[in-house]
Amino acid sequence: MRFVEGLRCRECGRAYPAEALHVCDYCFGPLEVVYDYERLAATIDRGSIEAGPRTIWRYRDLLPTAPAPELDLQVGCTPLVRAERLAAELGLGELYVKDDTRNPTGSFKDRVVSVALSKARELGLKVAACASTGNLANSVAAHAARAGMTSYVLIPSNLERAKVATTAVFGGHLLAVDGTYDDVNRLCAELASDRPDWAFVNVNVRPYYAEGSKTLAFEVAEQLGWQLPDHVVVPIASGSQLTKIRKGFHELVTVGLVDDHPVRISGAQAEGCSPVAQAFAAGTDAIRPVKPHTIAKSLAIGNPADGFYALEAARQSGGAIGSVTDQEILEGISLLARTEGIFAETAGGVTVATLAKLAAAGVVRRDERVVVYITGNGLKTVEALGDAVGPSAVIAPTLEAFAAAEDAETEGAAR
Ligand SMILES: Cc1ncc(COP(=O)(O)O)c(C=O)c1O
Ligand SMILES: [Zn+2]
């Protein structure tokens, strides 16, 4: 916060104060937080970060606000796991999984919400609100509960049962809207315009919210011994996370915390909601909105706010944006689970399956140090697995029955 200069329009460069603003009055471009990088470079170093808390707030000087202690759910510093068995299956070399299933509400959204609501407290905003595809709902409701804030969470009515239950349990106001996420988002934008003391985390405080995703880049670099990876694979819904991971890597170089090194950034979408992947494949800049139809409901944004910037980040960095079918998503979930012992939600299935495709196509290479971002926990989307998972047999509680089942299992494995 000490280093924030204000907000700036990404398109026309006009400057704005660091308030609850998110679009430029002149050109409707998105606003971004600007820092005094010179002063940052002169002030922070690896040691000062390493001495900080084991949460995202160890990077507080590179974030747009100080943490509000009453919101603290211990977010971030999730494991970076060397994934040798997954790498072997995919024909890759040095592969890591950034396991963000381990955040307090089971997704990377805890990072963005922790930052957005800390800023909301600083700005004196009273109500925490959001439009969500599920994970954001969990996180806003939990953080608001922790701080004793009122919350209004709006979701599409077709979300997974577990995502609804794990939001409702926190006791805020939860409204299911009969429509898609894009309908919910439009409604929230309308609501935000005449509720000046509400913080819609991904609408009127979006510039601050988005900055939370930079910590996914900061942590990976620190966990690699203050080095940048060669290639990262990131899921895309609105495209914010991917864009901010890129900004995070850039900032580390700018302030002198890591040596400059090119990072290729690839994106992952579900085929049933792949407007950014389609634009990438077509070689155009125009992202055509789609009506989502996929089991990856957390990524089901048909009209992605930061889609263009995600596309640009992938292209400029030499990455790609791939998409996968629902069947491939399920295979991706199972592949990650059986090789690394990590249970991801459908968004993770999208990312692993896209990584597999990009590796097979030679886009992600064996000689690269690769990080795949697994951003949500599988316990929230168990129903997507359907009948594909279950016991291989139901047996009587006898040694004979077990022996017969064991024979069948051994035969099955040999087959
Ligand atoms: C688990 C998970 N991963 C990734 C994303 C993508 O985030 P973004 O909208 O920043 O692209 C989402 C969005 O809801 C999500 O829930
Ligand atoms: Zn502008």
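The following exchange concerns a zinc site and a parallel sheet in a predicted model.

Biologist: What makes Cys9, Cys12, Cys24 and Cys27 donors of the zinc ion (ligand 2)?

Modeller: Their SG atoms lie 2.3 to 2.4 Å from the zinc ion. The cut-off for a sulfur donor is within 2.8 Å of the metal, so the four cysteines count. In sequence they follow the spacing C-x2-C-x11-C-x2-C.

Biologist: Why is the site of the zinc ion (ligand 2) called tetrahedral?

Modeller: The angles among its four donor atoms run from 96 to 119 degrees. Four donors are tetrahedral if all angles lie between 85 and 135 degrees, so the label applies. The ideal value for four tetrahedral donors is 109.5 degrees.

Biologist: Why is cysteine 12 said to be partly exposed?

Modeller: Its relative accessibility is 36%. Buried requires under 20% and exposed over 50%, so cysteine 12 falls in between. Cysteine 27, at 33%, is partly exposed by the same limits.

Biologist: What does the pair of cysteine 12 and cysteine 27 tie together?

Modeller: Cysteine 12 sits in the loop between β1 and β2, and cysteine 27 in the loop between β2 and β3, so the pair links parts 15 residues apart in sequence.

Biologist: How do you know that β6 and β7 pair?

Modeller: Pairing takes at least two bridges, and β6 (residues 127-131) and β7 (residues 150-156) have five, in the parallel sense, so they pair. Alanine 129, for instance, has tyrosine 152 in β7 as its bridge partner.

Biologist: What makes β8 and β9 edge strands?

Modeller: In the open sheet the order is β8-β7-β6-β9. β8 (173-177) and β9 (198-200) each pair on one side only.

How values were computed
Residues are numbered from 1 along each chain as its sequence is written. Chains are lettered from A and ligands numbered from 1 in the order in which they are written. This is a predicted model: local features need pLDDT of at least 70, side-chain atom pairs count only at pLDDT 80 or more; totals for chains, interfaces and linings use all residues. Side-chain values use heavy atoms; hydrogens and water are left out. Helices (H or I, at least four residues) and strands (E, at least two) are DSSP runs, numbered from the N terminus. Donors are N, O and S atoms within 2.8 Å of the metal (3.2 Å for Na, K and Ca); water is not among the atoms, so sites may look incomplete. Four donors count as tetrahedral if all angles lie between 85 and 135 degrees; four count as square planar and six as octahedral if opposite donors are over 155 degrees apart and all others between 65 and 115; anything else is irregular. Buried means under 20% relative accessible area, exposed over 50%, partly exposed in between (1.4 Å probe, protein chains only).
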